[in-house]
Amino acid sequence: MAKRRLSQRQKSRIQAAQHEVSESDEHEHGTVVSHQGGQILVELNSGPSIGCKIKSNLGNIVCGDRVAIETTANQGYRVLAILPRDNLLQRIDGFAQVRAVAANISQLFVCLSVSPEPNLFLLDQYLLSAEQQQVEACILLNKIDLLDDINDPFGLAQIYQSLGYRIVCTSVKSGLGMDQFRSLLQGRISVLSGVSGVGKSSLTKWLLPEEKIKIAKISEINEEGRHTTRASHLYHLPTGGDLIDTPGVRGFNPFVDNERPLAHGFREILEHSTSCKFHNCQHLNEPKCAVIEAVATGKIAASRFQNYLKMLN
Ligand SMILES: Nc1nc2c(ncn2[C@@H]2O[C@H](COP(=O)(O)OP(=O)(O)OP(=O)(O)O)[C@@H](O)[C@H]2O)c(=O)[nH]1
Ligand SMILES: [Mg+2]
Ligand SMILES: [Zn+2]
């Protein structure tokens, strides 16, 4: 208990110090455009990009973070503080540690592809994160050149369009849907996320042919990507807007804000839950549960409800 109190106190002290730095005019400000190992690349508001070290105790720093910088004694640069964030996408890694994915974003593209095939549980995990952080989410299905029939592939439109999510189908190969994709990026800070091999870097490279961006074939044995992109990178687009390409994930275990019920990450469950008998209904097996009723009558897609239950566990 004593240990926890101390660490809380330390935390507030660090936050107060950071707040002081971010309010002061003494330090230059910039945006993190990449982070690899202990080094981050910061684009200063005054123009140039500089490599920076990070002051200890700052916690996770990610692409999109706005930071305050100081010059060190040996003419290097160091991040002193992270400026207040509009939002922060976070996941829990395999070691139960909270990992930041990107900060201050306006749009999350959950990237799926024809091969590897879409994983709807992963999609719902991303959508939950976006709902919790109040970030607009868009579902992108890439590699549609591999499909014979492009009429509602994988039944995505049937489930997700009616919930109000935009679905964009693209092919980097044939160019289909790419103009729509580009127009959605204008004036926004967008993130491309999803499993390895769906084509996140290919989409980025299509927009920025001059950039050195690594792309690699998926494995012929298991049709999985090869985790080609190792670190996130924020790019400025010539047509306006910024785009963050991220490394492919195996899974995305979202960091859930315990203050809010999980149903807040599922639009239709949240909507129906207002008619449940109990205000704290978890929609498991409570009597007069409007959510369970809506699943039974097909108003809520069974896969969405299954994924909700899976996450609740
Ligand atoms: N047929 C087809 N293949 C594509 C398309 N887009 C990308 N690919 C291929 O998919 C493979 C993986 O592409 P990447 O862009 O490296 O995938 P990624 O999502 O960035 O993968 P990670 O960096 O590992 O997360 C490459 O062989 C690409 O050429 C497409 O629209 N159609
Ligand atoms: Mg990549
Ligand atoms: Zn209920």
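Is Y126 buried or exposed? Here are a few notes on the aromatic residues, with that one picked up in point 3. Please keep in mind that this is a predicted model.

1. Let's start with the overall tally: the structure holds four aromatic pairs. Two of them are described below, one edge-to-face and one stacked.

2. F109 and F181 make an edge-to-face pair, because their ring planes stand at 80°, with the centres 5.3 Å apart. F109 belongs to strand β8 (residues 107–113) and F181 to helix α4 (residues 178–185), so this contact links distant parts of the chain, 72 residues apart. Both partners are tucked away from solvent: F109 is buried at a relative accessible area of 0%, and F181 is likewise buried at 0%.

3. Y126 and F252 are a stacked pair, since their planes meet at 25°, under the 30 degrees that stacking requires; the ring centres lie 4.2 Å apart. Y126 sits in helix α2 (residues 120–133), while F252 is in the loop between β13 (242–245) and α6 (267–273), so the pair ties together parts 126 residues apart in sequence. As for the opening question, Y126 is buried, with 3% relative accessibility. Its partner F252 is buried too, at 2%.

4. Have a look at F266, F305 and Y308 as a group, as these residues form one aromatic cluster.

5. Finally, two charged side chains are worth finding on the model. R267 places its charged end over the ring of Y165, 3.8 Å from the ring centre. K310 has its charged end over the ring of F121, at 4.0 Å from the centre.

Methods:
Residues numbered from 1 in each chain as written. Chains lettered and ligands numbered in written order. Predicted model: local features only at pLDDT ≥ 70, side-chain atom pairs only at ≥ 80, totals over all residues. Heavy atoms only, no water. Phe/Tyr/Trp six-rings, centres within 6.5 Å; stacked < 30°, edge-to-face > 60°. Helix = DSSP H or I, 4+ residues; strand = E, 2+ residues; numbered from the N terminus. Buried < 20%, exposed > 50% of the residue type's maximum accessible area, 1.4 Å probe, protein only. Lys NZ or Arg CZ within 6 Å of the ring centre and 35° of its normal.
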